[in-house]
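Reader: I am new to protein models and would like to understand the words people use for them. Could we go through one together?

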Amino acid sequence: MLTVSNQHKGSYGTGCLIAPGLVLTAHHVALPGEDSVDVRDTASAGFTQAAVVWESTELDAVLLKADRALVGAGMGVVRWGELVCDYPGRRPVCSMTGFPKAMRRQAAARSEQYVDDLKTVEGTIAPHTGSRSKLYALEVDGAVPTDVKNWQGLSGAGVFCNGVLIGLARLVDRQWDRILMVLPLSHLLAADGFTAAVAAHTGMSPRLQPADLRPLMDTSPDPTLSSTYLLDPHSQVTELTGVSELVQRIEQWCKGMGPSCRQQAWGPPAR
């Protein structure tokens, strides 16, 4: 996670690092329109400028690109997923980490400077709640701010389930004191240009996994920014190359009948 700030518009919030230098956050946090947005990960002392490479006001989401050596250096690529089950007794815990206003602290005693501290929020998602709005509704476990305005700053945080990114924190439901509305990643992957923008930066197109079933499955290896990722057959199916002539001969043999066709395809029998 990281801090996202638009100094020109006076907005700030949380962003989710999905690859080195690539940040996903809420559109209303970044408020594109300026030349750049400032971002800072938890390992950096200062902010770095990031440019908008994809945005959607309808989905309230934006993709930012920064110097990968300064933001998220050394990390891998996140897994993308969705929730596919609805078994109340076995719902997995979902979590997000961000910078809500309630966690803002004075840098030192009697200091006028403040530090935006981290808060991890955990809860469960019932698939049908909020589904007509095409959103997940995360019901929060544990402490919540005394004032709903103190949730401000958590927008744009990535929501994870079993280590898989499933959504983007978008807004607080003011009618309920423990519900945060989350944009499912499936809507992002279906949006024009999003997967292309991710693939252009990472070299691989995002694919959804069943996040709530991950403990039961032999999953693919963690995505990495290297061609060695494709060496594992679980990672991605690749086309067969360099044997087109052999494939053509096999197809001819499959369509033919009798030993003459077999001899024509494979040559005379060995003596």
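Reader: What does the accessible surface of the protein chain come to, and how much of it belongs to carbon and sulfur atoms?

Author: The accessible surface is about 15600 Å², and carbon and sulfur atoms hold 50% of it. Such areas come from the Shrake-Rupley method with a 1.4 Å probe, and for residues only the protein chains shown count as cover. Please keep in mind that this is a predicted model: local features need pLDDT of at least 70, side-chain atom pairs count only at pLDDT 80 or more, and totals for chains, interfaces and linings use all residues. Residues are numbered from 1 along each chain as its sequence is written, and side-chain values use heavy atoms, with hydrogens and water left out.

Reader: What makes a stretch a helix or a strand, and how many of each are in the protein chain?

Author: Both are DSSP runs numbered from the N terminus: helices are H or I with at least four residues, strands are E with at least two. By that rule the protein chain has 5 helices and 16 strands.

Reader: How do you know that strand 2 and strand 3 pair?

Author: Pairing requires that DSSP finds at least two bridges between two strands. Strand 2 (residues 11–19) and strand 3 share 4 bridges, in the antiparallel sense. On its way through strand 3, Val 23 stands opposite Leu 17, and its bridge partner in strand 6 is Leu 64. Strand 3 and strand 6 (residues 61–65) are antiparallel too, over 4 bridges.

Reader: Why are residues of helix 3 called buried, and which ones are they?

Author: Buried means under 20% relative accessible area, exposed means over 50%, and partly exposed lies in between (1.4 Å probe, protein chains only). In helix 3, Phe 194, Ala 197, Val 198, His 201 and Thr 202 are buried. Seen down the helix axis, these residues fall within an arc of 115 degrees, so they line one face of helix 3. The arc is that of the directions from the helix axis to the C-beta atoms.

Reader: What makes a set of residues a nonpolar core, and how many residues has the largest one?

Author: A core is a set of buried Ala, Val, Leu, Ile, Met, Phe, Trp, Tyr and Cys residues joined through side-chain atoms within 4.5 Å. The largest has 26 residues, and Ile 18, Leu 24 and Trp 80 are among those with the most contacts inside it. Helix 2 (185–190) and helix 3 (194–202) are among the elements that each supply at least two of its residues.

Reader: Which residues does Ile 18 touch?

Author: Contact means heavy atoms within 4.5 Å. Leaving out residues up to four places away in sequence, Ile 18 touches several residues, including Leu 24, Leu 63, Trp 80 and Val 198.
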